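Here's a quick briefing to read with the structure open beside you. We'll start with a small sanity check and then walk through the fold.

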Amino acid sequence: MKIVAINGSAKGKESNTNIMVSAFLRGAEEAGANCINIFLAEKDIKHCKGCHTCWTRGPGQCVTNDDMLSILSEMSGANIIVFATPVYFGNISGLLKVFMDRMTMIGSPHSQKELSQSNNQIKSAELQIPKLIMISNCGLPDRKEFDVVSLWINRVAEKMQMGLVGEIYATQGKYLTSPPEEFKPKINEYIILLQEAGKEIVTHLSLSDAINNDLNRGFASV
Ligand SMILES: Cc1cc2nc3c(=O)[nH]c(=O)nc-3n(C[C@H](O)[C@H](O)[C@H](O)COP(=O)(O)O)c2cc1C
């Protein structure tokens with residue numbers, strides 16, 4: 001199984017988001033998955049110009065020359081894509097939104113079968129419809145901060161016809177990178193839960209109610 005994570009935090013490897021994603025991927029790797037962790041903060045991804053050239057001239061033929069095609073190449077053959085973001089103004093980060101808009105390139109109905117013909121980097125045999133996982137953290141303690149993120153990923157899954165197999169949200173994300181001493185045991189338990197979630201995805205392609213319930217209780221009750 002191949003899992004590719006797309007981290008939309010401006011803080012890249014240093015982000016609270018990455019603590020969550022890395023733990024999840026660690027568990028998945030222990031269960032045998034091949035994982036790639038991509039940080040949009042390290043990439044040159046320009047905004048979509050909205051010209052739809054990628055649909056009319058051919059999928060993958062974006063007028064903009066930046067890191068997008070090499071990321072799509074890394075994503076090809078993925079069984080699972082993890083989208084990960086901090087909450088910014090009750091929403092996903094700008095980095096992730098810009099990336100997602102450029103995914104229009106593979107969103108056309110004819111893209112999946114034609115992308116390989118127009119771009120040698122992406123082989124058709126490797127193209128398949130992956131499942132999605134959403135991972136996010138926010139600063140505030142209220143889980144309502146994830147309402148828009150959840151709505152967004154559910155709409156993306158619908159539009160891209162990709163099954164959404166997990167949503168993992170953590171409030172008070174700063175404790176992930178810098179927990180006060182009394183919080184450390186709870187954070188460690190949460191990290192172990194994330195690893196278990198990664199293992200479950202590899203073995204069952206879904207998250208059990210038990211692990212969902214534990215993850216959704218957050219740090220306060222783990
Ligand atoms: C521009 C900006 C907007 C933010 N908006 C929210 C918000 O609406 N709700 C919230 O709970 N936290 C908000 N935060 C806090 C971040 O979600 C929080 O610090 C998070 O842990 C950052 O994750 P990261 O380290 O993965 O980037 C915001 C932070 C920034 C920089």
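What span should the 15 residues of α1 have at 1.5 Å a residue, and how far apart are its end C-alpha atoms? The expected span is 21 Å and the end C-alpha atoms are 22 Å apart, so the two agree. Keep in mind that this is a predicted model. The protein has 222 residues, and 36% of them are buried. Its secondary structure comes to ten helices and five strands.

**Helix α1**
- Helix α1 covers residues 16-30 and sits in a right-handed β-α-β unit together with β1 and β2.
- Most of α1 is covered, with twelve of its 15 residues buried.
- Among those buried residues are N16, T17, I19, M20, A23, F24 and G27.
- As a reminder, an α-helix has 3.6 residues a turn, so residues three or four places apart point the same way.
- Just after α1 comes G32, which takes a positive phi of about 110 degrees.

**Strand β1 and its partners**
- Strand β1 (residues 2-7) is largely enclosed by the rest of the structure, because five of its six residues are buried.
- On pairing, β1 and strand β2 (residues 34-39) run parallel and are joined by six bridges.
- One contact to look up there is I3, whose bridge partner in β2 is C35.
- Strand β3 (residues 80-86) also runs parallel to β1, with five bridges joining the two.
- For that pairing, try V4, whose bridge partner in β3 is I81.
- In a regular strand, side chains alternate between the two faces of the sheet.

**Around the ligand**
- There are 17 residues around the ligand, and S15, T17, P86, G139 and G173 come nearest.
- T17 is also one of the buried residues of α1, while P86 falls within β3, which spans residues 80-86.
- Sorted by class, the shell around the ligand holds eight polar, six nonpolar and three charged residues.

**L72 and long-range contacts**
- Is L72 of helix α3 (residues 68-75) buried or partly exposed? L72 has 19 C-beta neighbours inside 10 Å, and a residue needs 20 or more to be buried, so L72 counts as partly exposed.
- L72 and I106 are 34 residues apart along the chain, yet their C-alpha atoms are separated by 8.9 Å.
- Across the protein, of the contacts with a separation of 6 or more, 75% are between residues 24 or more positions apart.

Terms used. Residues numbered from 1 in each chain as written. Predicted model: local features only at pLDDT ≥ 70, side-chain atom pairs only at ≥ 80, totals over all residues. Near = placed C-beta within 6 Å. Nonpolar A, V, L, I, M, F, W, Y, C, P; charged D, E, K, R; others polar. Helix = DSSP H or I, 4+ residues; strand = E, 2+ residues; numbered from the N terminus. Pairing = 2+ DSSP bridges. Right-handed = clockwise from strand over helix to strand, strands pointing away. Expected span 1.5 Å × (residues − 1). Contact = placed C-beta atoms within 7 Å.
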